[in-house]
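User: I'm new to this one and would like to understand the reasoning behind the labels. Could you walk me through it?

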Amino acid sequence: MRILIFIVALIVGTLCAFSAQAHKVRVFAYVEGETIIAETKFSSGRPCMDCLLLGLDADSGTQVMSGRTNATGFALLPAGDARAKAPGGLQLVLDGGEGHRGEWFVEAVEYGGGQPTAEPAQETSESQVESPAQNPAAQDKAAKQVALTEKEIRAIVSEVMDQKLAPFRKQLLNKDDKPDLRDIAGGLGWLVGIAGLLAYARRRPESSRD
Amino acid sequence: MHISEGVLSGPIIGAGALLTLAGTAIGLRSVNYDRIMTVAMLAAVFFVATLVHVPIGPANAHLVLGGLLGLLLGWAAFPAILVGLLLQAVMFQYGGLAVLGVNCANMAIPAVICHYLFRSALQSTPSRRSLAAFAAGSLYILLTGVLTAASLAFTDEGFTTAAKLILMAHAPIMIIEGLLCSAVVSFLGKVQPELLQLSAEGTA
């Protein structure tokens, strides 16, 4: 019994020396411009290299695109294809080999799919906030500013948001998913507890004393 | 070699569940409940060993120590591995609950096979005991790889591709597991030989 406790302690101690490596593959995807970027990793932090990434139409479940991850675990898929073939959203499925599988759902709005904008596309100008007839100075100022359509405004905002959110996305992907000592201790506790319950349930009844 | 959820078809999952159910029933009947803590500690060894990752190029392999469990527990390896895999699925999301039966069968059946092949050598000379333990540790990984590939045979990967990938990735693990198993059994033979008697009695 003591020897077995020693062996378990040795292995747990080894885990402290090496980081506890995991056995799960993850995929995380976002859109930048016209590209859907998928980042893949095993929970140990190692990239999933040359792994098959499938894109399925969320509505029908049929495969509409596929790609392979590169040496750093990245795969790129065209957002245009996703708009055309997966208007309801794109389900990414990663095959990490040996039965490992990861999934990520890309919302249609991220790659410009889904419902069109509520307002009809029309020429609007963000600079025309005052009637030119009321304020000639504003009219000069307005003439120097750029007229943008609603679609262009959306594209600019989307690009800036992608840039601003990129660091947070990376943080999410790199979030430490390795089992920590608390989880390991919990699992060991469960094992000992289950054994104790079984031993209690199977105990011989105490002989009656005189 | 944890297979994830959503990879296997229904019939394979069902077959794995039935095999695990049968194996666990036999295992629970063969356990000596006076030594239940020993079974629990070996299940803990399995639980912790699969957290130890061995980087081998682009592949992702981990220790299992199922050969050791098979040698020392015999059929009781089934419930020990089942509980270990259940806790890993619940706490770490390794494998999955739906495929628990398949994963358990893939890991426990080779343990029982190694038990029957090598248990008699445990009562032999120390050198034979070490060799048998090495063989058990190595053969266990080979058999587990074959069974995992067989489970994946009906997926897109197919048996041959899956077997090639798994066995290539785990060839070094076979050596490591064999050495570890041999070291542990030799150590037990010197300091607590009665533990090796578990195997001869079939944990009864």
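**Reasoning behind the labels**

Analyst: Happy to! B:Phe92 counts as buried, with 5% relative accessibility. Keep in mind that this is a predicted model.

User: What makes B:Phe92 buried?

Analyst: Buried means under 20% relative accessible area. B:Phe92 has 5%, so it counts as buried. B:Tyr94 has 2%, so that label applies to B:Tyr94 too.

User: Why is A:Trp104 called partly exposed?

Analyst: Partly exposed lies between the 20% and 50% limits. A:Trp104 has a relative accessibility of 29%, so it is partly exposed. A:Phe28, at 6%, is buried.

User: Why is the pair of B:Phe92 and B:Tyr94 called tilted?

Analyst: The ring centres of B:Phe92 and B:Tyr94 are 5.4 Å apart, within the 6.5 Å limit, so the rings pair. Their planes meet at 50°, neither under 30 degrees nor over 60, so the pair is tilted.

User: How many aromatic pairs are there over all chains?

Analyst: The search finds five. One of them joins A:Phe28 and A:Trp104, with centres 4.8 Å apart and 65° between the planes. That angle is over 60, so this pair is edge-to-face. It links distant parts of the chain: A:Phe28 sits in strand S1 and A:Trp104 in strand S7 of chain A, 76 residues apart.

User: How do you know that the side chain of A:Thr69 makes a polar contact with the backbone nitrogen of A:Cys51?

Analyst: The distance is 2.7 Å, within the 3.5 Å limit, so it fits that cut-off. The A:Thr69 side chain also has a polar atom 2.6 Å from the backbone oxygen of A:Cys48.

Notes:
Residues are numbered from 1 along each chain as its sequence is written. Chains are lettered from A and ligands numbered from 1 in the order in which they are written. This is a predicted model: local features need pLDDT of at least 70, side-chain atom pairs count only at pLDDT 80 or more; totals for chains, interfaces and linings use all residues. Side-chain values use heavy atoms; hydrogens and water are left out. Rings of Phe, Tyr and Trp (its six-membered ring) pair if their centres lie within 6.5 Å; planes under 30 degrees apart count as stacked, over 60 as edge-to-face and the rest as tilted. Helices (H or I, at least four residues) and strands (E, at least two) are DSSP runs, numbered from the N terminus. Buried means under 20% relative accessible area, exposed over 50%, partly exposed in between (1.4 Å probe, protein chains only). A polar contact is a pair of N or O atoms within 3.5 Å; within protein, one must be able to donate a hydrogen and the other to accept it, and residues adjacent in sequence count only if both atoms are side-chain atoms.
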